[in-house]
Amino acid sequence: MTLAFESVAEARAWLYEQRACGLRIGFVPTMGALHEGHLDLVRRAARENDLAIVSVFVNPLQFNDPKDYAAYPRTFAEDVRLLATAGCAMAFTGTLAQFFPHELDAAGKLNAAHQVPPGAAALGLEGAMRPGHFEGVAAIVDRLFETVLPDTAYFGAKDYQQAQVVLGLARRRGGPRVVVCPTVREASGLALSSRNARLSVEDRQRAAQIYQALRAGQAAWDAGVRDADALRSSVLLVLQRTPEFRIEYVAVRDPSRWTAEEPHGAMQQAVCLVALWLSGVRLIDNLRWDAPA
Ligand code: AMP
């Protein structure tokens, strides 16, 4: 059974009691419309802790596009039902005003004094394409950490740059421990995402080409190519075969050190990140090429 609270205050009070009993808390923040990718994080949180806690909150602060925010699926009751199958002890949701009772201005934006710097990992790529996105992520993740006070928080590698932002945030605030879990994919290779629900059957097949493109880059890496530009081109070549894609970026980064710009020279380690639009839906994915098979 998964307890469900629709107010932040109720969740906070319940969590206070659990912590008083000395229970170890694993926490998975989500925006809901849950799928196997989320449930994988929840199962791990349940395995490694006494309690797995999940937040379900579509955070308006991190949407730079109001249409995307409005179209984001909201399925809390169904989410709670799924969470019960994954060992989640408690799920909670709330409103922006409940999370930030004293920090919002009349337009519903965070007052400057309450902003949480997202750090250097927010520079470039998602940070450049979605102005204000990581500021919104940093603010809500910081507030969620404060609300739940977890021992460990679980995030997906699917949102690679977000995970870097959160790791930096947790380091600066002195916790919690952050675990980044592998991306869960469909059999076709398409990374699971709540946004996939907005794709037609044909578009889902097309979207699987994103993974094929990342794998083409992997093949080049495995064949010994180390030049960022050449690696990037091998991915782009595959993506360009699908004319329905509107590519925002294909980028190669050194996973040991986030840089806003592409690193120069031969790479020792590499992660490739892709963002593109398909039929009005924005999709992102990434693949570490240096990871052991
Ligand atoms: P979201 O609901 O999209 O904010 O995602 C909540 C958490 O689930 C984030 O840490 C995501 O990185 C993670 N996540 C989303 N999709 C996947 C996936 N396909 N595999 C693994 N983790 C995921």
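A helix axis is a line fitted to the C-alpha atoms over the stretch in contact, and the angle between two axes is taken between their N-to-C directions, from 0 to 180 degrees. With that in hand, the helix pairs of this predicted model can be described.

Take helix 1 (residues 8-20) and helix 7 to begin with: their axes sit 8 Å apart and make an angle of about 50°. Angles from 35 to 65 degrees fall into the oblique class, and helix 1 and helix 7 are therefore oblique to each other. On the helix 1 side, the contact involves Val 8, Arg 12, Leu 15 and Arg 19, which meet Glu 146, Thr 147 and Val 148 of helix 7. Sorted by class, that contact has 3 nonpolar, 1 polar and 3 charged residues.

Helix 9 (residues 201-222) and helix 10 (residues 228-239) make another pair, with axes 8 Å apart and an angle of about 150°. Anything over 145 degrees counts as roughly antiparallel, so that is how helix 9 and helix 10 run relative to each other. Their crossing is right-handed. Helix 9 brings Gln 209, Ile 210, Gln 212, Ala 213, Leu 214, Ala 216, Gly 217, Ala 220 and Trp 221 to the contact, where they meet Leu 231, Ser 234, Val 235, Val 238 and Leu 239 of helix 10. Here the split is 10 nonpolar and 4 polar residues, with no charged ones.

Next come the empty spaces. Rolling a probe the size of a water molecule over the atoms shows where such space is left. The structure has 2 cavities of 30 Å³ or more, and the largest has a volume of about 860 Å³. Its lining is made up of 49 residues, and those nearest the centre are Met 31, His 38, Lys 158, Asp 159 and Gln 162. Several elements each give at least two residues to this lining, including strand 2 (25-30), helix 2 (36-48), strand 5 (152-156) and helix 8 (160-173). Helix 7 turns up again here, as it supplies the largest share, 6 residues. By class, the lining of the largest cavity divides into 25 nonpolar, 16 polar and 8 charged residues.

Finally, two spots in the backbone deserve a look. Most residues other than glycine have a negative phi, and most peptide bonds are trans. Ala 33, in the loop between strand 2 and helix 2, has a positive phi, near 50°. Gly 175 and Pro 176 are joined by a cis peptide bond, with omega at about 0°. Pro 176 lies in the loop that links helix 8 to strand 6 (177-181).

How values were computed
Residues are numbered from 1 along each chain as its sequence is written. This is a predicted model: local features need pLDDT of at least 70, side-chain atom pairs count only at pLDDT 80 or more; totals for chains, interfaces and linings use all residues. Side-chain values use heavy atoms; hydrogens and water are left out. Helices (H or I, at least four residues) and strands (E, at least two) are DSSP runs, numbered from the N terminus. Angles under 35 degrees count as roughly parallel, over 145 as roughly antiparallel, 65 to 115 as roughly perpendicular and the rest as oblique. A crossing is left-handed if the near helix is turned anticlockwise from the far one by less than a right angle, and right-handed if clockwise. Contact means heavy atoms within 4.5 Å. Ala, Val, Leu, Ile, Met, Phe, Trp, Tyr, Cys and Pro count as nonpolar, Asp, Glu, Lys and Arg as charged, and the others, Gly among them, as polar. On a 1 Å grid over the protein atoms alone, a cavity is a set of points where a 1.4 Å probe fits but cannot get out, and a pocket is an open set with protein on both sides within 12 Å along at least five of seven lines; lining residues have an atom within 4 Å of a point. Grid points are joined across faces, edges and corners, and a volume is the space filled by probe spheres set on the points.
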